[in-house]
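Hi everyone, thanks for making time. I'd like to walk you through one structure today, so have a look at the screen.

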Amino acid sequence: MAPDIVVSWQQHLKNGNVWRVEVELSMQDTPDDFHTYNVEVYVVAPTVTLAQYIVATMYPDYEGIFVDDEPVRTTP
């Protein structure tokens, strides 16, 4: 089966539906060794709120989530 329409990454960028979200995660190697690290996630969503929700669902144990005020317009 072939799709009738393909929406490319470039089309999502052009339409303003790509959001850059940084999520801060914690990592603990040993009981005394606690670190945080940042993951940059690009999400296709029509709104910033939905982009944040998607990332929070993907990484439920996050320490912090930071979403850019404007959607991404160029290829990251």
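Quick bit of vocabulary before we start: when I say helix or strand, I mean a DSSP run, with at least four residues for a helix and at least two for a strand, numbered from the N terminus. Also keep in mind that this is a predicted model.

Okay, so what have we got? The protein chain has 2 helices and 3 strands. Reading from the N terminus, their order is α-β-β-α-β.

Now the overall dimensions. Along the principal axes, the C-alpha atoms fill a box of roughly 55 × 35 × 20 Å. The radius of gyration is 16 Å, while a compact globule of 76 residues would come out near 11 Å. On the surface side, the chain exposes about 5,600 Å², and 52% of that comes from carbon and sulfur atoms.

And the inside? Of the 76 residues, 26% count as buried. The largest nonpolar core has 12 residues, including Trp 19, Leu 25, Ala 51 and Ile 65. Strand 1 (18-30), strand 2 (33-44) and helix 2 (48-58) each give two or more residues to this core. Which one gives the most? That's strand 1, with 4 residues.

Let's pick one core member, Val 21. Leaving aside neighbours within four places in sequence, Val 21 is in contact with Val 39, Glu 40, Val 41 and Val 43, then Ala 51 and Val 55, and also Ile 65, Phe 66 and Val 67.

Last one, on the whole chain: take the contacts with a separation of 6 or more, and residues 24 or more positions apart account for 54% of them.

Conventions: Residues numbered from 1 in each chain as written. Predicted model: local features only at pLDDT ≥ 70, side-chain atom pairs only at ≥ 80, totals over all residues. Heavy atoms only, no water. Core = buried A, V, L, I, M, F, W, Y, C linked by side-chain atoms within 4.5 Å. Buried < 20%, exposed > 50% of the residue type's maximum accessible area, 1.4 Å probe, protein only. Contact = heavy atoms within 4.5 Å. Rg over C-alpha atoms; globule rule 2.2 N^0.38 Å. Areas by Shrake-Rupley, 256 points an atom, 1.4 Å probe, with all protein chains shown as cover.
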